[in-house]
Every structure is written in structure tokens, then in C-alpha cells.
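Trainee: Please take a close look at one part of this model and describe how it is packed. After that, go on to the surrounding elements and to the overall dimensions of the chain.

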Amino acid sequence: MEYAVHHVRRPSMTRDLPYGPQDLLWVANTATLLVAESDAVLVDTYVTVEQNQQLIDWVRSFGRRLTHVYVTHGHGDHFFGLGQIAEAFPGVRAVATEATAAAAEVQAGPDMVSSFWERLFPGQIPAQLTPPQPLADDHLDLEGQRLEIVETGFSDTAGSTVVWVPDLRLIVGGDVVYNDTHPYQSESTAATRQEWAATLDRLRERDPAAVVAGHKNPAQPDDPRILADTAAYLREFAELDARTATAEELYAAMLERHPRRLNPGSLWGAAKQAKQVP
Ligand SMILES: [Zn+2]
């Protein structure tokens with residue numbers, strides 16, 4: 001078995017930041033293809049029609065039968081491509097855990113789409129949004145190799161997961177781990193931040209050879225050290241949150257320590273959320 005990683009760039013979700021490095025106001029999404037002799041399994045899709053078409057063309061270039069798309073968590077930027085994928089690869093099954101499938105139903109609902117996704121990506125969201133189906137098993141099978149679904153609790157959202165591929169000692173991390181990118185923390189609390197960091201410590205115990213983050217700086221390798229990096233970032237955020245009074249102070253203190261991470265808009269969103277600024 002082999003794996004391959006694809007990425008697309010898109011503008012940040014939070015675009016009203018007070019100041020910061022203008023050249024970093026973007027984020028990359030990744031999708032990972034697990035490739036066996038004749039079959040393949042895709043982990044996650046993208047948000048816009050055009051991005052998902054790029055993904056489809058890339059998957060096609062491997063010349064394998066796509067059996068499953070696994071969705072790591074319920075955020076739209078990871079599953080809005082499922083309808084296009086189903087059309088492009090007849091017979092493919094789109095699956096996720098029960099929690100992710102339920103969260104995806106909400107994200108794909110008319111309220112979330114018109115109030116959030118369409119505002120950020122006007123005219124670019126697929127017309128037909130198909131949430132994944134709940135998977136009864138805790139693993140997928142790719143030509144006899146196990147792809148294990150690991151439930152990780154609250155990461156950047158509730159009921160997150162990663163895929164552990166023992167054969168490759170690979171973690172396909174979804175949004176449980178970030179690579180050189182400010183994590184999305186707008187759904188986080190002090191308690192969930194701790195839970196998230198503890199999950200990352202546990203994932204390190206598997207001693208992976210590679211870790212693919214759902215959002216990465218494409219210039220960076222899929223180095224396992226991003227597990228420790230993300231945990232340290234979250235703990236630093238918690239510590240600085242306790243030592244600062246305003247969103248501006250927290251933002252400035254974190255940015256000083258992480259001046260070149262992608263997507264500072266995400267940090268600004270996190271700082272506002274932590275200080276309860278509307
Ligand atoms: Zn994401």
C-alpha cells in the first residue's frame with residue numbers, strides 16, 4: 001500500500017483580523033489517497049465545486065477503483081465534495097462515524113449553507129450536498145489491509161476522528177492535527193482544548209512514521225512532530241489566555257510566538273472566542 005496527499009489553497013474563513021502578515025491569509029486543505037494494487041480509499045474532500053473537480057481528476061490519475069471516501073469530521077470543507085465524487089466514481093461508498101454523519105447533516109442543512117458557506121464562497125458551493133453514511137465498523141478494509149478509525153473526542157470540533165494505517169504507520173489526521181497553520185478554535189473551550197492536547201499526546205504513543213494534517217502548509221513535510229507541535233500550541237494558547245485580558249492582547253502574544261504560521265485569521269477568531277467578543 002502507498003499513500004498520496006493532494007492539497008488546495010483557499011482564502012481564510014476569518015477575514016477581519018486587526019493586523020498581521022497579509023501574505024499568510026490563506027489555508028490549504030488536504031485529501032489523502034490510500035492506494036493498493038487495484039483499489040483505493042480517499043480520506044476527506046474539499047469545499048468548492050472547482051476544488052472537488054481538481055480532486056477527482058487527481059484521484060483518476062491513479063487508475064484505481066475508488067471503493068470508499070472516509071470523512072474524518074463533520075465540517076463542510078471536508079465533505080462537500082461527496083456528491084461530485086459519487087457521480088465520478090459509481091459504486092463508491094461515502095462513510096464516517098455516527099457522530100460525524102450527524103454533524104455533517106447539520107452542516108449541509110440550508111441554514112448553515114446560506115448563513116455561512118455561501119457567504120464565504122458565493123456561487124461555489126455544490127448544489128447537491130450529500131452527507132456521509134454512518135459506518136457500523138471501526139475500520140475499513142483495503143485489499144485485506146486494515147484502515148483503523150480512531151475516535152478522538154473533541155478536537156477542533158466534537159466527535160472528531162483520525163485514520164490509523166498500521167501497514168504504513170500513517171496517521172491521516174483530519175483536523176485533530178495542524179501543520180504550520182493556526183488551528184481553528186472557534187468551537188473550543190478551555191476544557192476541550194485540554195482534551196484535544198491530551199488526544200495528541202496519545203496519538204504520539206503510536207509512534208507514526210508520517211502524519212498528514214487536514215490543513216497544512218504545502219511546503220512542509222508530513223512530519224510526526226506536528227502532533228507535539230499542535231499540542232504545544234494549544235497549551236500555549238491556554239496559558240496566554242489566562243495571562244491576557246483582551247482578544248487583542250491574546251492575539252498579539254500568540255502571533256509573536258508564531259509569526260509565520262498560515263492563517264492568522266484563525267488565531268484572531270480563536271482569540272475573540274476565548275474572550276467572548278461577538
Ligand atoms: Zn477543516
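Mentor: The face of helix α7 turned away from its buried side carries E256 and R257, both exposed; here a residue is exposed if 12 or fewer other C-beta atoms lie within 10 Å of its own, buried if there are 20 or more, and partly exposed in between, with C-beta atoms placed from the backbone. The model is a predicted one, in which local features require pLDDT of at least 70 and side-chain atom pairs count only at pLDDT 80 or more, whereas totals for chains, interfaces and linings use all residues. Residues are numbered from 1 along each chain as its sequence is written. Helices (H or I, at least four residues) and strands (E, at least two) are DSSP runs, numbered from the N terminus.

On its buried side, α7, which spans residues 247-257, has A247, L250, Y251, M254 and L255. These residues cover an arc of only 125 degrees around the axis, which puts them on the same side of α7; the arc is that of the directions from the helix axis to the C-beta atoms. They pack against α6 (225-243) and α8, where contact between two residues means that their C-beta atoms, placed from the backbone, lie within 7 Å. The segment after α8 (264-274) holds Q276, a residue that has a positive phi of about 55 degrees although it is not a glycine. Q276 counts as exposed because it has 7 C-beta neighbours inside 10 Å.

A positive phi of about 55 degrees also belongs to D180, again not a glycine, and this residue is placed in the loop between β11 (178-179) and α5 (190-204). D180 has 20 C-beta neighbours inside 10 Å and therefore counts as buried.

Helix α3 (residues 98-107) can be described in a similar way: its buried residues are T100, A101, A103, A104 and Q107. Seen down the axis, they fall within an arc of 165 degrees, so they line one face of α3. The elements that cover them include β5 (93-96), α4 (110-120), β6 (133-134) and β9 (160-165).

From β9 one can move to its partner strand, β8, with which it pairs in the antiparallel sense over 5 bridges; strands pair if DSSP finds at least two bridges between them. In this pairing E151 stands opposite T161 in β9, and the hairpin of the two strands has 6 residues between them, with G159 taking a positive phi near 60 degrees. Strand β8 (residues 145-153) is also joined by 4 bridges to β7 (residues 139-142), the two running antiparallel, and H139 stands opposite E148 in β8. The hairpin of β7 and β8 has 2 residues between the strands, and in it E143 takes a positive phi near 45 degrees.

Strand β3 (residues 39-43) is mostly covered, with 4 of its 5 residues buried. To β2 (residues 26-35) it is joined by 4 bridges in an antiparallel arrangement, with V35 standing opposite A40 in β3 and 3 residues between the two strands of this hairpin. With β4 (residues 65-70), by contrast, β3 pairs in the parallel sense over 5 bridges, and D39 stands opposite R65 in β4. Together with helix α1 (residues 49-60), β3 and β4 make a right-handed β-α-β unit, right-handed meaning that, with the strands pointing away from the viewer, the path from the first strand over the helix to the second runs clockwise.

The largest nonpolar core has 72 residues, and those with the most contacts inside it are L42, Y70 and V163; such a core is a set of buried Ala, Val, Leu, Ile, Met, Phe, Trp, Tyr and Cys residues joined through C-beta atoms within 7 Å. Leaving aside neighbours within four places in sequence, Y70 is in contact with V41, V43, V95, A96, L140 and V163.

As for the whole chain, its secondary structure comes to 8 helices and 13 strands, and 47% of the 278 residues count as buried. Among contacts between residues at least 6 apart in sequence, 73% join residues at least 24 apart. The C-alpha atoms fill a box of roughly 55 × 45 × 30 Å along the principal axes. With 278 residues, a compact globule would have a radius of gyration near 19 Å, and the 18 Å of this protein agrees with that; the radius is taken over C-alpha atoms, and the globule rule is 2.2 Å times the number of residues to the power 0.38.
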